[in-house]
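Biologist: I should like to learn how to read the helices, contacts and backbone angles of a model such as this one. May we work through the features in turn?

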Amino acid sequence: MDLQTTIYLFVGASFALYIGIAIWARAGSTSEFYAAGGSVPPVMNGMATAADWMSAASFISMAGLISNMGYGGGLFLMGWTGGYVLLAMLLAPYLRKFGKFTVPQFIGDRFYSKTASTVAVICLLTASLTYIIGQMTGVGVAFSRFLGVTSETGIYVGMAIVFAYAVFGGMKGITYTQVAQYCVLIAAYIIPAIFISLQLTGMPIPQLGLGSGFTGSDMSLLAKLDQVVVDLGFGKYTTTTAGSTLNMFVYTMSLMIGTAGLPHVIMRFFTVPTVAAARSSAGWALVFIALLYTTAPAVAAMARLNLHATVNTAVKTGGDLMAPEASILNESRPDWMKRWEKTGLLKWADKNGDGRIQYYNDKSKNDAFKAKAEAAGWKGNELTVNADIIVLANPEIALLPNWVIALVAAGGLAAALSTAAGLLMAISAAISHDLVKGIFAPNISEKGELMTGKIAMAVSIVVAGWLGLNPPGFAAGTVALAFGIAASSLFPAIMMGIFSKKMNKEGAVAGMLAGLFITLFYVFAHKGIFFIKGTDFLPMIGGANSFFGITPEAFGAIGALVNFAVAFAVDKVTKEPPEHIQHMVEAVRIPRGSKMVDGAH
Amino acid sequence: MDDVSKNYWSAVLGLLTKILIVWFLVSFGAGILFADMLNTIKLGGYPLGFWFAHQGSMYIFIALIFYYAKKMGEIDRKFDVHED
């Protein structure tokens, strides 16, 4: 069977599975629609959370980014997993005890104010919508690459699929399809990694392979990689940080608290039966996430080494990397390179006209290295590889069979679709439950509310798809903003709502607005107002990264600090919350008396 | 607030503080601030600081959550506030 047919078969079969599950798990009541009836066991809930959480960005781009960044890429690994410790201990059990469907509902009730819940809805919608646009773009890219259709057609197909199972299945349908999607995506990630780890180190477990010896030499894989990249003028793989130590510190913190504050992740903890289950469910989610996240650094380092070994034969033999015959001849480059050249994501140009491809860092600041490269007759780097193709091209680089490549295609799509569905759920609940039922039409019937939720979801799919078709020139920036908003607005508000009995509505609202505003201000200064090109105002804040060299992606942690500080300052000068709210906080802290989630206000 | 819930809450906060200290030490401590120093030690083929940033902190995070869930169960029962 040829590659294209195999891919159609794998992707088609996986979609049939998801839609079948959605039909089987149709939601009847609002409780089933928003919280799966509060009946999902912790292990399964953990798996669904993992699929919800791991988006196209985790699946497709993360390993490629780490591959380029080296040690500094660890901030994604620690940041996107460490948040679950915060979530498990600081938020999940208490929100489950509170027993309502949504984050704005908690904030509205705890801070006895519709203003607070409206501000929370705004934060939630901004965070979720920006995040979902990236997912729809990812769906389009994955479809177009693997199914041979245009990116636009890819997005339409993706919209239709998400619509089918999110709208009809609700949270219950989404939860069970996400369990299936998790199985597909994790298999697609780990199987190629095992093959490659075996090839390079003889060790089948990638997590151990990364710390093993490089086959055919007496060096460890990482020492070998360090040596190769340093000899080619790049920064040392195991020590190069992301910007500065301070930036890496703040960036990691932002990702952690952003993770804990993302509404579609928090919402998952309303679907478990008890408070105790909410605690362990976060642990199970992290187990399933860590399966991919601990494999990613191995994929990253091995792909980097493989790539250098492909274009420079001296990597394997241990000879002089700069010897003329070490670099491969243009004509003898492998087929997978030719395939990816067509997508424009891999390019080469013979700058010095020697008929060979030299791949090195021509922007090195090391004068001795530059002199050596010049003496070897190298006239600039001749190969550029887009970081996003590392995971997708991985099985091809390692010359694995067609079914593995088809599996990776299905895995990438599963990752993007499951996250998009979870985000749509959070958006739909915020609009129908918190805005329409909570504020505009409190007397709406359960049926009417369900219908509003479905309409809200359909509209968001169309909006997200449209933005995915016409991305206003932002991809990485949007994800950063989603985390920044969640970290600087929602996380501090929920945390203070539980851990500070005396926090009042004035403090919480002022804190959320201050955190949100300062984060948006810093991000927009770099990336333009609402990411519209040309509206950035860097000179006003004194140039790029002017706040102690912190990049806009890393700014969420600062926003959160501002949120806490403003909230406590305002709280001090306004009157304390009413007696019954303080009693409510006491009740939320104690597991006894937890009941099924319901939507009643 | 009655004595039981006061004592319960301070037991919970005590546990959280302990766990957060470990959480901070493995990721921000060993993985970032002291990574260079730890890199002089080798764990198999891994420099230790690099291992904490790319592998170790994630394993410890998982252990922390399950430890937390277990300890909280014990605290709940000790103060008789567990679910039925």
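Biologist: Where is the kink in helix 3 of chain B centred?

Modeller: In this predicted model, helix 3 of chain B bends by about 50 degrees, and the kink is centred on Gly56(B). The end-to-end span gives a second view of this helix. Residues 48-78 make up its 31 residues, yet the C-alpha atoms at its ends are only 39 Å apart, whereas a straight helix at 1.5 Å a residue would reach 45 Å.

Biologist: Which residue with a positive phi follows helix 3 of chain B?

Modeller: That residue is Asp80(B), with phi near 55 degrees. The sign is worth noting in a residue other than glycine. Asp80(B) lies in the segment after the helix.

Biologist: Is Asp80(B) buried or exposed?

Modeller: One counts the neighbouring C-beta atoms. Asp80(B) has 9 of them inside 10 Å and therefore counts as exposed. Chain A offers another case of a positive phi outside glycine: Tyr112(A), with a value near 35 degrees. Tyr112(A) sits in the loop between helix 6 (103-110) and helix 7 (114-147) of chain A. Because 15 other C-beta atoms lie within 10 Å, Tyr112(A) is classed as partly exposed.

Biologist: How many residues of chain A are in contact with chain B?

Modeller: On the side of chain A there are 43 residues, and they meet 37 residues of chain B. Among the elements of chain A giving two or more residues to this side are helix 5 (74-98), helix 10 (221-231) and helix 24 (579-589). Helix 13 of chain A gives the most, with 12 residues. By class, the side of chain A that touches chain B has 22 nonpolar, 17 polar and four charged residues.

Biologist: At what angle do the axes of helix 13 of chain A and helix 3 of chain B cross?

Modeller: They cross at roughly 170 degrees, and the axes come within 9 Å. An angle over 145 degrees counts as roughly antiparallel, and so these two helices are described in that way. On helix 13 of chain A the contact includes Ala276(A), Arg279(A), Gly283(A), Leu286(A), Val287(A) and Ala290(A); on helix 3 of chain B it includes Met58(B), Phe61(B), Ile62(B), Ile65(B) and Phe66(B). The contact has 15 nonpolar, six polar and one charged residues.

Biologist: Why might contact residues recur at intervals along a helix?

Modeller: An α-helix has 3.6 residues a turn, so residues three or four places apart point the same way. A pair within chain A also shows how such a contact is read. Val250(A), Met253(A), Ser254(A), Ile257(A) and Gly258(A) of helix 11 meet Gly556(A), Ala557(A), Ile558(A) and Ala560(A) of helix 23. This contact has six nonpolar, three polar and no charged residues.

Biologist: How are helix 11 and helix 23 of chain A oriented to each other?

Modeller: The axes of helix 11 (residues 245-261) and helix 23 (residues 556-573) come within 7 Å and cross at roughly 65 degrees. The two helices of chain A are therefore roughly perpendicular.

Biologist: What separates the C-alpha atoms of Ala368(A) and Leu469(A)?

Modeller: Sequence separation and distance in space are read side by side. These residues are 101 residues apart along the chain, and their C-alpha atoms are separated by 47 Å. Ala368(A) belongs to helix 16 (residues 367-375) of chain A. With 8 other C-beta atoms within 10 Å, Ala368(A) is exposed.

Conventions: Residues are numbered from 1 along each chain as its sequence is written. Chains are lettered from A and ligands numbered from 1 in the order in which they are written. This is a predicted model: local features need pLDDT of at least 70, side-chain atom pairs count only at pLDDT 80 or more; totals for chains, interfaces and linings use all residues. Axes are lines fitted to C-alpha atoms, for helices over the stretch in contact, and angles run from 0 to 180 degrees between N-to-C directions. Helices (H or I, at least four residues) and strands (E, at least two) are DSSP runs, numbered from the N terminus. Angles under 35 degrees count as roughly parallel, over 145 as roughly antiparallel, 65 to 115 as roughly perpendicular and the rest as oblique. Two residues are in contact if their C-beta atoms, placed from the backbone, lie within 7 Å. Ala, Val, Leu, Ile, Met, Phe, Trp, Tyr, Cys and Pro count as nonpolar, Asp, Glu, Lys and Arg as charged, and the others, Gly among them, as polar. The expected span of a helix is 1.5 Å times one less than its number of residues. The bend at a residue is the angle between axes fitted to the seven residues ending there and the seven starting there. A residue is buried if 20 or more other C-beta atoms lie within 10 Å of its own, exposed if 12 or fewer, and partly exposed in between; C-beta atoms are placed from the backbone.
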